Structures are given as structure tokens and as C-alpha cells.
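Please find below my notes on the model, set out as numbered points. They take up burial, the aromatic residues, the nonpolar cores and the ligand site in turn.

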Amino acid sequence: MRKPIIGGNWKMNRGTPHESKEMLESLIPLVEGINNVDIIIAAPFTVLINAYEILKNTNIKLGAQNMYFEDKGAYTGEISPSFLKDIGVEYIILGHSERRDIFKESDSLINKKLKKALSINLKPIVCIGEHLEEREAGKTKEIIEYQINVTFKDLTSEELQRVVIAYEPIWAIGTGKTATPEQAEEIHIFIREILKKKFNEETANMIRIQYGGSIKPINAEDLFNKENIDGGLVGGASLQANSLSQIIKAADNSYR
Ligand code: PGA
């Protein structure tokens, strides 16, 4: 049985110490005692240190939303994975579609970042997913397979087992258009098939695959009840303690 994982991706929101403190202090009591779900808040860099202090004795883990693949050097404006690790960051989102589309990150760049994250024991959440035109052209599986091939290139099975995959159809992100549980489940099954072929059956069965894209309290339960959906990566609905806690509870209920 795979433990569900819910990641709240705050994106470039809740970036002041005051607003993030308020949100986290409301969330903590709402999810206290939930131990069957890994709960992560991926906050903006500016609040990570404060967030660590607030979360350190709770069941909520800290994540960041991006990193570079080098530890130090002349990389103006980039953020070092070891700096993140030093301040208590445990999870790292890599290859989010906003990084890919707006900041032109390629699968091979994400592969470098992934190897670096694994080498210093940051826990990666790697996002993959297709654009609307690709889905409409019947190319979803081809795109997913390509992203897996390049992003996970040269990883061992042992390394891959430490990765969380977030399947995020890009047309569902921030649009209010969720994939149906059946559409998501079909791709999650497909991802496991590819991993079985490329790595092995044990790895394909162990790896956690989250769904992401307009998850709300109203649709969370139906998504998480699907056998191959191991929780979610939540954007908009992670900004309010109340809606995020309801989604976390839906994941908790799905764990049998
Ligand atoms: P959304 O974002 O929940 O606002 O659609 C999801 C994501 O980008 O991870």
C-alpha cells in the first residue's frame, strides 16, 4: 500500500512572513494527528526559514518549488539545493509545467536537477503532463513516455523509488477543469506500465503518483479513491487552510 501524499504548491503566493504564518498556524490544528498522509507545503523561498520554525514539530513537511543543479557558484538569481537542505527543506518540486512553459526548462535540465536532488537526499516531486492540444491530438501517452524517458534517464530503480511523480495535465492547472478520475487513473496506470518496462515491476508498484490540476475539496475524494492515484499536488486550493485540510482528509480517508 502506498502512503498518499498531498503537496500544497503555493507558487508565487503567500510570500510574506505574516501571510504564510497566518495560513500555517490555521492549518496545523486542522490536520493534527493525520499520520497516514505525507503533507507538504512548498512555499516561496522568502518564507522557508520562517515556515520551518512554525512547522518543525508538526506533521507538515517543508518543500521548495525549484532549485539549480549546482551547489555553489556564479549563477545569479538561482537557488542552491544545499542551501535549501540546510534550512530544513525536505521536498523539492521539479519540472512543474510553469517552469517548463514560462521559464523554458527542458526535460534534460530537469534530469540534471533530479539527479542533484537525489544525491543530497532532497525528496523530489517531479511533474509531467500534456498540453491541451497534445491531448486533443491523441498524443498524451507519447508525451508522457518521452518525459519519463528523458527526465528519469540514467536513474537506478533504487533512486526512482525515492521520487514522487505528479501527473498534471496542463489543461487542468488553474483552469477549474479537472481531469475526471477515470482520465487521471488511465494515465497513472500508463505511467506504471512505462516504469515497469523501463525499470521493474517493484519500482512501478512502489512509486507514488499524485494527480494535480484543479483539485478541490469537492473532487478530491473521487480522485483519491482511484487505485493508482496516491494523493495530489494542489495549487489554488492550498492557499486556504480550510480547503487544503479538507483535501488532506480526503486523502486520509482513501488510505485503507
Ligand atoms: P491548481 O494547480 O490546483 O491551481 O490547478 C496545481 C499545480 O499547479 O500544481
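1. A residue is called buried under 20% relative accessible area, exposed over 50%, and partly exposed in between, with a 1.4 Å probe and protein chains only. By this scale Tyr75 is partly exposed, with a relative accessible area of 33%, whereas Tyr68, at 18%, is buried.

2. On the basis of the values: this is a predicted model, in which local features need pLDDT of at least 70 and side-chain atom pairs count only at pLDDT 80 or more, while totals for chains, interfaces and linings use all residues. Residues are numbered from 1 along each chain as its sequence is written, and side-chain values use heavy atoms, with hydrogens and water left out.

3. The structure holds two aromatic pairs, where rings of Phe, Tyr and Trp (its six-membered ring) pair if their centres lie within 6.5 Å, and planes under 30 degrees apart count as stacked, over 60 as edge-to-face and the rest as tilted. The pair of Tyr68 and Tyr75 is tilted because the ring planes stand at 45°, with the centres 4.8 Å apart. Together with Phe69, Tyr68 and Tyr75 form one aromatic cluster.

4. A nonpolar core is a set of buried Ala, Val, Leu, Ile, Met, Phe, Trp, Tyr and Cys residues joined through side-chain atoms within 4.5 Å. The largest has 69 residues, of which Phe152, Val163, Ile191, Leu195 and Phe224 touch the most other members. A second, separate core of ten residues includes Ile5, Ile40, Tyr91 and Ala166.

5. At the ligand, polar contacts (pairs of N or O atoms within 3.5 Å) can be considered. An oxygen atom of the ligand lies 2.7 Å from an N or O atom in the side chain of Lys11, and a ligand oxygen is likewise 2.7 Å from a side-chain N or O atom of His96. The protein covers 97% of the 290 Å² of accessible area that the ligand has on its own, areas being computed by the Shrake-Rupley method.

Methods. A polar contact is a pair of N or O atoms within 3.5 Å; within protein, one must be able to donate a hydrogen and the other to accept it, and residues adjacent in sequence count only if both atoms are side-chain atoms. Accessible areas come from the Shrake-Rupley method with a 1.4 Å probe; for residues, only the protein chains shown count as cover.
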